[in-house]
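Trainee: Hi, have you got a few minutes to go through a model with me? I'd like to ask about whatever catches my eye.

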Amino acid sequence: MSATMTSSSAPSSRSGYRAPVADQDWRNVGKWGGLCTLALVLVSLIGMPVGLDRRILIHPVLSLGYLSLLWIPLVLGFVVSRHVELEGVESPEPGGRDLLAGALTGLLGGFGMAVFIVALDTFNLRDPLVNWSPQLLELLNYGRGLGFGVVAWIAACSVLGLLGSSIHVIPAGVRRVVSYGAFGLLGIAVLEGAIADLSEGFGLQSLTDSIYANRGGVTVVWSIVLVVIIGVVSMLTRGRFKAAKANYGELQGPERKRASMILFLLVALLTIILPLFLGTIMNELLANVGLFLLLALGLNIVVGLAGILDLGYVAFFAVGGYTTAVLTSPDSPFFAPEMHFAITLVIVVVFAGLVGLIIGAPVIRMRGDYLAIVTLGFGEIIRLLFMSDWLKPYFGGAQGITNVPGVDLGFVTIKGTDPRSVFYLVLVFCALAIYISWRLQASRLGRAWMAIREDEKVAEAMGINTVNAKLLAFVVGAVLASFSGAILVAKVGSVFPNSFMILVSIIILVVVIVGGMGNIAGVLVGSFVLIGVLGGPRQPGLLHEFQSFKLLIYGALLVFMMLQRPEGLVPSARRSQELHQEEFLQDVWLKGEEHEGEEHEEELHAAEASGAEGHEGSGA
Amino acid sequence: MSHLMEIRDLKITFGGLDALSGLNFHVDEGEIVSVIGPNGAGKTTFFNAITGLVDPTEGDILFDGESILGLDPHQVTGLGIARTFQNVRLFPNMTVLENIMVAQHCRTSQLVLGALLQTSAFKKEEREIEERAKEVLAFFGSRLVGYRYDQPAFVLSYANRRRLEVARAMATQPRLMLLDEPVAGMNPMETAELTALIGRLRSEWGFTIVMIEHDMRVVRDVSDRVVVLDHGVPIAQGSYDEVSTNPDVVEAYLGRPAEDQA
């Protein structure tokens, strides 16, 4: 309780004065208000509101379509009233001024939207703008006529802007409960498919039937109940997780080892048992996540550890897939009916490794941008080779190879019609890939890769054969990707060159970057968030309505992450330090006072020197 | 008696510019030789040529009686020549300990399989790498040990980075160590300390050292022999006292006296 008191009273004790309400930074408000308008109109014209309207989140109030617009004034209201707090500079207490700023930003956005609606009603620009449609107008009017729409947008945006800015003003305790409630509800609404599927597996169908309306979406009554439940739970568990984490962090030696072991076993058990309770669609989704996780783990070794920006990574995915198909499909001239899957896999690995060497050998001597471009080219070349008429007798050209029977393990046959079995197969390989990444990271080779990533020339001068080390990284990455390709083909039962477009490479790279480059946990989270929720290049995710906007969201997410959190969702400690060097060094500097004077001086030197180096690094 | 390293008529041309023109040089086992000269005299190019970063246009470089011309930098390091860089070039995002561990790459051999299967040979090698790294770092007193092990190299102070670079070169287990301005940018106290350390590098670790240095006190205190380069040509050679009074050297550093020019 005392914690609540201190944290909620902290803002008021921080500074003594309140800024006058009218003392606005008008330029700032204008800027964000304009941005709000732009964003609202852009999202409308992209077609998100209409396209996503069918997915209902809270029945019958809120659909994903409306949410695609309504979050904008809320977030911008939050952003416009945010203060940069500087150590030693007195900043005004958040208050009426910030609320007004938020509301004004929303109001500007609302006005913009109102003008847009009127324009939508008056002109017909459907020719260049595909989504300039009566449906959009109807949706934006809430189906109640132009006047209502105009008033409603102005009012709604202002209120949302106000709400967004009020996040700064309300006490921290309240803020916490409200945000947990809101995000929790959103999560439950978004994950409807998964939750329904899971509860069905556990025989709790009646509960989900009452929570979710028939047409989808949480019912209003249940929304309120859920928010209250989540709020209460968040209040009760307040600080517990942090305490548990701190406890875990303090554990030493064998105790720590045991705790990690238990944690690991729990997670492993959960991943093994959970799919048994999941239906076909969810298992399919998990299998897809696993396939991309496998790819991302491989790319993580190539890009995250060795620093080789490989944009043609999909090539190895394709090689794995085609090798499997050629060996196991009766339609192919190399069909070997008696071959065990294990032997097939060995051949796949050998081939992928060979292709890795063949592509790697000329490419690996290049650096930076050149390497990226050349790998991009090789990725396409491999796909075109598979598609070519020249190799059509072997690879089937554009029609690909069909009739791949799936993996026969003797006691069970793994194929796409039984996604659960595919998931387990993928799980085994993901576990293997995680093990490989983990062990290699902390080995002589892993250190050599990191050194090459840091400074290739110096690594060479320190006795590392950089060409060999980089080739090895390439080959290890290629092998992991080929596993994924082999499983994909066994799962789908066919293989086509068009499954291996450049886009796949890019998406895997985005998974690695958004998740957290160079970090296994980051790659895991990245695959679940991007592939699981948004969906892969062809595989639908939980929000399969986003299918047509997926690339847009991927792009927006990438830009956002690069600006706000370049180290990724779950960064490796190393990388986040690197990217936030200045803050880190400030901490070091402050801590330095605890050490003796000479140390203190050193840290100061360090701060200066690395500051300069950081700039250099970002320029390069 | 054959020299540890011998350089014969070394000539390096960068597009018409002679960085080095006809350099003859040798260093014997256990010597500390300083290479001095004004900026642009070709000192760093000389180091780059030895370590394989630059290919000589003419001439030959013999290490332990064998030509090392045309070898890759990592092969040269493998033969036992280590170097530091003039502008400190550590692996900034690797920890202090990792910086040293990675430098033992050419003295170790485990690859993928050992790491994956955690063979006893792999574990033994890892343990040895770590022990040797700690041993090397202990050479610098308490500055690079303890909590420093796990700090990324970029948080180190400038002087500590210089020390870490020397440590990294030591970890490659060389016979010949090339130090490129080891004390540049250090304050007098740090300079004195590192000067003493350079002496100990020879007496305790048995390294032969060739050092580029601008700080004449350091040169005087540690070197057995001084070579002066100017415009890619050695203009003087000998003990510090001989060289420092040599009129050609004084001219190269300070310019020709006014009356001579007239």
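Trainee: Where does A:Pro60 lie?

Mentor: A:Pro60 lies in the loop between strand E1 (56-59) and strand E2 (62-63) of chain A. Helices (H or I, at least four residues) and strands (E, at least two) are DSSP runs, numbered from the N terminus. This is a predicted model, where local features need pLDDT of at least 70, side-chain atom pairs count only at pLDDT 80 or more, and totals for chains, interfaces and linings use all residues. Residues are numbered from 1 along each chain as its sequence is written, with chains lettered from A and ligands numbered from 1 in the order in which they are written.

Trainee: Which kind of peptide bond joins A:His59 and A:Pro60, cis or trans?

Mentor: That bond is cis, with omega about -5°. Most peptide bonds are trans.

Trainee: Switching to chain B, what is the sign of phi at B:Gln118?

Mentor: Positive, about 50°, although B:Gln118 is not a glycine. B:Gln118 sits in the loop between helix H4 (112-117) and helix H5 (120-138) of chain B.

Trainee: And is B:Glu181 buried or exposed?

Mentor: B:Glu181 is buried, with 21 other C-beta atoms within 10 Å. Buried means 20 or more other C-beta atoms within 10 Å of a residue's own, exposed means 12 or fewer, and partly exposed is in between, with C-beta atoms placed from the backbone. B:Glu181 has a positive phi of about 50° too, although it is not a glycine. B:Gln118, by contrast, is exposed, with 12 such neighbours within 10 Å.

Trainee: How is chain B divided into domains?

Mentor: Domain 1 covers 1-80 + 174-262 and domain 2 covers 90-172; the bounds come from an automatic or database domain assignment. Their centres, taken over C-alpha atoms, are 27 Å apart.

Trainee: How many residues are in contact there?

Mentor: 11 residues of domain 1 of chain B contact 8 residues of domain 2 of chain B, where contact means C-beta atoms, placed from the backbone, within 7 Å. On the domain 1 side, H2(B) gives the largest share, 3 residues.

Trainee: Last topic: which residues have the most contacts inside the largest nonpolar core?

Mentor: A:Leu294, A:Ala473 and A:Ile508, in a core of 182 residues. A nonpolar core is a set of buried Ala, Val, Leu, Ile, Met, Phe, Trp, Tyr and Cys residues joined through C-beta atoms within 7 Å. Helix H14 (residues 280-305) of chain A supplies the largest share, 17 residues.

Note on methods. Two residues are in contact if their C-beta atoms, placed from the backbone, lie within 7 Å.
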